[in-house]
Amino acid sequence: MLDDIADQPGDKPFESVEEVINRFGEHGYISDRRLATTVFLQSRLDKPLLLEGPAGVGKTELAKTLAEATGRKLLRLQCYEGQDESKALYEWDYGKQLLYTQMLRDKIGEIIADAPDLSTAIDRIGAQDSVFFSDRFLAARPLLEAIRGEQPAVLLVDEVDRADEALEAVLLECLAEFQVSVPEVGTYTAATPPYVVLTSNNTRDLSAALKRRCLHLFLDYPDHDRELEIVRSKRTGLPEHLAEQLVTVVRRLRELKLRKAPSISETIDWARTLAVLGAEELGSEVLAETVNVVVKYERDLQQALDVIGHMSDPNRDIPQQLPSHGHGHGHGHGHGHDHADDGGDVDGREVRAAKDRPGRHDDSYYGAPGSASSGQRGSGSQGARSFSSVTRRKS
């Protein structure tokens, strides 16, 4: 069977694990030996591959690279809640059927012209069902296209955990036997089994029946050296020493309890952003100005600025007077400025302490609710408050 697969046009199977590593590297995907071994086994055992792990670690990109490295056609099924089988398997082209019916109405009239009664006419029309429910009118969706297509394919079932469990049941026949049954026509079986890659972000548990049919690989964020190697391979334009510092910053941000941790692709985007800006060093100011490339929630941003401030200068002193800033920033909260209307003296330290009191705002002020505690919201560290004053002064 392997010889038959190798003879297919446009299909370049892997000969070894090392070849997987090399060919993936040629297409910009840095893989370790464990990943390469799994991909090699998938190509030899004709088993679907289930990739699980956090978003942004290269699961979808692996399927794309697999198609490029093997010369196969990529077919993608993007899963979502409420998706039905017609969007995954096939559906009948009713518009085309209606058009053909209109065009052939004269021929249909001839068939029933001498029918003695209505029942006979219906029987004669019914005998023509196989014409209108045939391969000619079948609109193939990704699963069926991967099975009956003449060109070898890589089938990507992306974010399968977002689909309903009913769709998992539909997938089982395709994953186990590489076939799709169409009641009106029959069963389609793949001449060349597709390479099937399913991805999951673990938003829900997948069924045991689905997992049993697949090879499994959990992809996590890479270690420092491998992520640096990935950034290098993308030729971002950022100098080597700055790229190494940037990877350290990103890995430090991932240690926080963020609603969405920075992905590998966002690390690459940040490197390109800094290269475009012509950054010569990664100081706190340039990192603060561009951290929104990798941090996408307001509450997460406050934690990120705190960490960046610490990394820049953990021993920075708190200024005695915080600089004033404009009132048109739209926070929707009062500043507690006392104008001495009552003739009393104002203690500036007490005012600043009141501003730093944790929990003085409700959850809606900090963005969507998440895992951060009130202590994280209003961190009173020296580096954090000093750095915050710098960012307010720049705005």
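The following questions and answers concern a predicted model.

Me: What average pLDDT does the protein have?
Reply: The structure is a predicted model. Of the residues, 74% score at least 70. The protein average is a pLDDT of 77.

Me: How many contacts beyond near neighbours in sequence does the stretch 360–395 have in the model?
Reply: Two stretches, residues 315–348 and residues 360–395, have pLDDT below 50. Where pLDDT is low, the predicted coordinates should not be read in detail. Beyond near neighbours in sequence, residues 315–348 have 32 contacts in the model. For residues 360–395, the corresponding number is 62.

Me: Why is the pair of F14 and F24 classed as it is, stacked, edge-to-face or tilted?
Reply: A search of the whole structure gives 2 aromatic pairs. In the pair of F14 and F24, the ring centres are 6.2 Å apart and the planes stand at 55°. Planes under 30 degrees apart would count as stacked and those over 60 as edge-to-face. The angle of 55° lies in neither range, so the pair of F14 and F24 is tilted.

Me: Which parts of the chain does the pair of F14 and F24 link?
Reply: The two residues are 10 residues apart, and the pair links distant parts of the chain. F14 and F24 are both buried. F14 lies in the loop between α1 (2–6) and α2 (17–26), whereas F24 belongs to helix α2.

Me: Which residues do the ring pairs link into a cluster?
Reply: F24 also forms an aromatic pair with Y29, with 5.7 Å from centre to centre and 90° between the planes, an edge-to-face arrangement. F24 has a relative accessible area of 0% and is buried. Y29 has a relative accessibility of 8%, so this residue also counts as buried. The cluster linked by ring pairs consists of F14, F24 and Y29.

Me: Over which ring does the charged end of R72 sit?
Reply: R148 lies over the face of Y188, at 5.8 Å from the ring centre. The charged end of R72 is 3.7 Å from the centre of the ring it sits over, which is that of Y195.

Me: How many disulfides does the count give?
Reply: A disulfide requires a pair of cysteine sulfur atoms within 2.5 Å. C174, at 1% relative accessibility, counts as buried, and C214 is likewise buried at 10%. The count of disulfides comes to 0.

Me: Which helices do the buried residues of α14 pack against?
Reply: Helix α14 (residues 264–276) has 13 residues and spans 19 Å from its first C-alpha to its last, close to the expected 18 Å. Its buried residues include I264, I268, W270 and L274. These buried residues of α14 pack against α12 (224–233), α13 (240–254) and α15 (284–290).

Me: Which residue takes a positive phi just after α14?
Reply: Helix α14 covers residues 264–276. The positive phi just after this helix is about 70°, and the residue is G278.

Me: Is D46 buried or exposed?
Reply: D46 has a positive phi of about 55° although it is not a glycine. Its place is the loop between α3 (33–45) and β1 (49–52). Buried means under 20% relative accessible area. D46 is at 13% relative accessibility and therefore counts as buried.

Me: What relative accessible area does N202 have?
Reply: N202, although not a glycine, has a positive phi of about 65°. N202 is in the loop between β8 (195–200) and α11 (208–212). This residue is partly exposed, with a relative accessible area of 39%.

Notes
Residues are numbered from 1 along each chain as its sequence is written. This is a predicted model: local features need pLDDT of at least 70, side-chain atom pairs count only at pLDDT 80 or more; totals for chains, interfaces and linings use all residues. Side-chain values use heavy atoms; hydrogens and water are left out. Rings of Phe, Tyr and Trp (its six-membered ring) pair if their centres lie within 6.5 Å; planes under 30 degrees apart count as stacked, over 60 as edge-to-face and the rest as tilted. Helices (H or I, at least four residues) and strands (E, at least two) are DSSP runs, numbered from the N terminus. Buried means under 20% relative accessible area, exposed over 50%, partly exposed in between (1.4 Å probe, protein chains only). A charge sits over a ring if NZ of Lys or CZ of Arg is within 6 Å of the ring centre and within 35 degrees of the ring normal. The expected span of a helix is 1.5 Å times one less than its number of residues. Contact means heavy atoms within 4.5 Å. pLDDT is the predictor's confidence in each residue, from 0 to 100.
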